[in-house]
Amino acid sequence: MSKQKIIINPLTRISGFMEVDVTVEKNNVVDVKTKGNMFRGFEQMLVGRSPFDAVYFTQRICGICSAAHSMASSLALEDALGIEAVEQGRYLRDIIHCCEFLQNHIRHTYQYTVPDFVKIEQNPLFQSDHDDFRIPKTASDRISKHYFESLTISRLAHQMLAVLGGKAPHNHGVFIGGVTTQVNADIVVKLASILKQVTQFIEQKMIPDVYEIAAYYPEYYRLGGGYGNLLTFGAFDQYKELGTLYVDPLVSMSRGVEPFDETKIKEKIDYSWYRSTDEEYKPDETMPEPDRGKKTSYSWVKAPRYDGKPMEVGPLARLILSNEYTNGISAMDRTLARALEAQKIAGIMKTLLGQVVPGVDVQKKYTLPNEAEGRGLTDTTRGALGHWLKIKGKKLSFYQIITPSTWDFSTKDDQGYRGIAEEALMGTPIQNVDQPAEVGRILRSFDPCMSCATHVFVPGKKVKTIQVF
Amino acid sequence: MSGYILPPEPMTNEAVAERLTNAAVSRIQNGLIKKQNLIYLELNGCSGNIISLLNGQNPDFEYMVNSMVNLRYSNSLMASEGEQAMEKLLAASQDEYILAVEGAVALRDNGLYNVIGTLNGKPLTGLEAVTMLGQKASRILAVGACATHGGVSAAKPNPSESVGLQRVLPEKEIIKLPGCPVNPDWFLGTLAHLLLYGVPETDNLGRPLMFYSTLIHDRCPRRPFFDKGIFAEKLGDKTCLFKLGCRGPVTRIDCPTRQWNGHVNWPIGANTPCIGCTQFGFPDAMAPFITYDTTRVVKDE
């Protein structure tokens with residue numbers, strides 16, 4: 001039997017636009033290309049803007065994980081301005097971040113993942129085309145019902161975010177120094193009350209539902225593994241009084257677990273639609289330009305590497321690196337990890353809520369240095385997120401963003417390494433090439449966000465902004 | 001009673017309400033009002049508007065898809081993928097449909113900076129899709145800042161050469177719902193108006209007056225501070241944010257009264273300036289969003 005090529009475009013139920021091209025021989029995947037199919041060029045847009053505006057501007061990269069970018073840009077600005085957020089500021093900011101984790105994980109699990117395994121009878125839009133539905137009717141109907149129930153719960157998660165952040169998506173509350181809001185008992189008890197509902201849903205419905213799915217699709221514990229290199233920038237870690245509530249910055253490679261070292265990050269563009277003097281550079285160094293005509297390339301996503309290796313990021317990486325999950329690395333483990341992490345995050349949020357002091361105003365009147373550099377590295381819903389910025393003449397002169405989906409959905413590189421998701425698909429048996437359900441199931445286990453993954457810095461003319469006042 | 005002239009029908013409130021309800025029910029039963037098809041297209045943007053729609057409450061998203069419209073296409077939510085998804089888009093385009101678009105239209109390299117699928121072995125760009133679907137749509141809604149005028153996707157220097165929907169559909173009447181993102185009520189309310197009463201009254205820029213008529217400044221709860229000249233000096237302050245760059249005085253939208261996420265808060269409620277996200281020209285015309293030195297400090301004499 002000769003080789004067959006399968007193209008899935010669009011890969012729906014993700015954020016943004018993605019195509020996957022899979023080559024199949026004897027019903028096994030022998031080659032894969034994941035392709036980011038959109039480009040806007042945020043880094044280029046940021047050059048010349050007021051550094052303060054980065055916090056609200058970069059959130060517009062992504063509608064489902066906008067608070068993540070407000071976190072990373074605030075951290076980068078604090079680094080550049082030499083400001084350390086006080087603990088009360090950190091607590092409230094991290095509570096906002098927790099709300100986004102909850103919203104994102106619930107929506108990814110029910111709206112994006114569940115239709116791969118469960119036939120949702122209520123509406124034809126939510127019914128997959130393949131016929132590999134194995135869960136018995138009673139359980140299947142229950143999970144379908146939770147698909148709709150979950151909409152209320154994820155909405156509540158965003159409502160909690162708005163209570164502190166003003167609105168969601170694209171909040172205003174996260175800023176340099178922590179947050180702009182001050183809490184009182186009324187707000188604390190409101191959040192605690194909503195959080196309880198959200199937690200109950202996660203514990204009583206979401207986690208049992210994913211285990212139910214796992215029970216009927218056990219081969220997915222063996223599919224979608226990949227290289228097994230794991231990376232986290234740390235999440236809810238190193239509080240002065242509370243210590244680390246989740247995970248410190250760590251990596252795991254063949255030689256074992258070790259502390260994360262940011263100098264080992266490089267980005268490659270051999271197979272991405274960008275050109276530059278170097279095909280490999282450190283995040284704060286070089287500025288590739290978009291070039292859709294570059295012949296060797298196939299994606300808008302670049303290829304970040306740690307110590308030369310592609311690294312998996314996300315909930316499963318975090319749970320393994322924090323020694324809270326030991327089952328393995330596979331598509332099903334990722335899906336389980338996302339639900340288990342939602343429970344973990346709800347617990348962290350409860351702890352942080354218990355620490356907040358009413359009426360503390362952490363904001364100050366900030367002044368901009370003439371020249372400075374900063375970077376903000378933090379783990380967010382999908383994994384490790386980094387913002388690197390430079391200020392010159394009180395304006396942004398450089399901005400680089402490496403998102404979690406850039407790590408997981410990178411292209412191959414000059415050393416012959418594939419991207420994490422590409423490698424995860426290699427060798428996958430495809431039962432029916434006309435309905436390759438396996439491909440989407442494995443890719444969605446990573447929670448791809450192509451809105452985030454496709455960015456670049458380009459040297460451009462200074463942007464003249466219009467002063468209204 | 002014979003000496004009185006009776007009106008043709010009882011005019012009490014209850015009777016009027018009953019009559020309207022009966023009329024609506026019978027019209028649905030007779031097939032005079034039918035559930036319309038909705039094609040929801042995501043183009044070059046962050047997909048934040050569909051996420052915002054999921055945040056809707058009364059009506060919520062579930063009510064929209066179950067009772068208001070047949071949602072036929074949504075990249076974020078539909079179960080079908082690849083070829084089958086494209087087939088569903090084509091099939092939906094054969095019927096009558098309302099077209100809602102979020103995200104900007106990328107023009108660079110004939111639209112290749114935003115590919116939304118593969119059709120007949122070739123990339124289907126956002127530009128091609130919206131040009132094709134826009135011609136036949138019964139109504140067109142531009143949802144969020146990127147669709148109404150390019151928004152953040154078209155921010156300088158606009159590397160993808162993104163534009164708003166009207167630029168590629170110049171002849172079409174487009175209802176514009178700017179905002180970053182759109183508030184779910186603005187979208188669902190406009191959709192309800194279309195279904196129940198037809199096109200809502202709009203301003204000269206195509207924005208429904210039911211939401212976009214009044215300046216934030218005119219209804220801002222912090223207006224008394226403005227009037228008394230008490231101004232915030234930093235984010236987090238509880239007074240008027242005008243001198244930090246608040247765009248409330250030029251931004252027409254109902255945020256002060258409607259608020260967000262189940263009406264719990266809004267940017268000014270979070271002690272931060274409005275950044276004018278419902279204004280055409282956002283973000284460039286509204287930048288810088290935050291400034292600590294908009295005015296000179298006058299020392300007391």
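Which residue of E2(B) does Asn37(B) stand opposite? Select both strands and look: the partner is Asn70(B).

This is a predicted model, in which local features need pLDDT of at least 70, side-chain atom pairs count only at pLDDT 80 or more, and totals for chains, interfaces and linings use all residues. Residues are numbered from 1 along each chain as its sequence is written, while chains are lettered from A and ligands numbered from 1 in the order in which they are written.

**Stop 1: strands E1 and E2, chain B**

Select residues 36–42 of chain B for strand E1. Then add residues 69–74 for strand E2. Helices (H or I, at least four residues) and strands (E, at least two) are DSSP runs, numbered from the N terminus. E1(B) and E2(B) pair in the parallel sense, over five bridges. Two strands pair if DSSP finds at least two bridges between them. Five of the six residues of E2(B) are buried, so this strand is largely enclosed by the rest of the structure. A residue is buried if 20 or more other C-beta atoms lie within 10 Å of its own, exposed if 12 or fewer, and partly exposed in between; C-beta atoms are placed from the backbone.

**Stop 2: Asn58 and Asn110, chain B**

Go to Asn58(B), in the loop between helix H2 (48–54) and helix H3 (61–68) of chain B. Its phi is near 50°, a positive value in a residue other than glycine. Asn58(B) is exposed, with 10 other C-beta atoms within 10 Å.

Now pick Asn110(B), in helix H5 (residues 108–111) of chain B. Asn110(B) is not a glycine, yet has a positive phi of about 55°. It is exposed, with 12 other C-beta atoms within 10 Å.

**Stop 3: the hairpin of E5 and E6, chain B**

Select residues 115–119 of chain B, strand E5. Four of its five residues are buried, so E5(B) is largely enclosed by the rest of the structure. Add strand E6, residues 122–125 of chain B. The two run antiparallel, joined by four bridges. Thr118(B) stands opposite Pro123(B). The hairpin has two residues between the strands, and Asn120(B) takes a positive phi near 50° there.

**Stop 4: two cis peptide bonds, chain B**

Show the backbone from Lys156(B) to Pro157(B): a cis peptide bond joins them, with omega about 0°. Pro157(B) is in the loop between helix H7 (145–149) and strand E8 (162–163) of chain B.

Move on to Cys180(B) and Pro181(B), also joined by a cis peptide bond with omega about 0°. Pro181(B) lies in the loop between strand E9 (174–177) and helix H9 (184–197) of chain B.

**Stop 5: helices H3 and H4, chain A**

Switch to chain A. Select helix H3 (residues 66–81) and helix H4 (residues 87–113) of chain A, which pack at an angle of about 150° with their axes 9 Å apart. The contact is made by Ala67(A), Ala68(A) and Met71(A) of H3(A) and Arg93(A), Ile96(A), His97(A) and Glu100(A) of H4(A). Residues are in contact if their C-beta atoms, placed from the backbone, lie within 7 Å. Axes are lines fitted to C-alpha atoms, for helices over the stretch in contact, and angles run from 0 to 180 degrees between N-to-C directions.

**Stop 6: an open sheet, chain A**

Three strands of chain A form an open sheet in the order E11-E9-E13, with antiparallel pairing. Strand E11 (280–281) and strand E13 (303–306) of chain A stand at the edges, each with a single partner strand, so one side of each is left without a neighbour in the sheet. Two bridges join strand E9 (residues 265–268) of chain A to E11(A). End at Glu267(A), which stands opposite Tyr281(A) in E11(A).

How values were computed
Contact = placed C-beta atoms within 7 Å.
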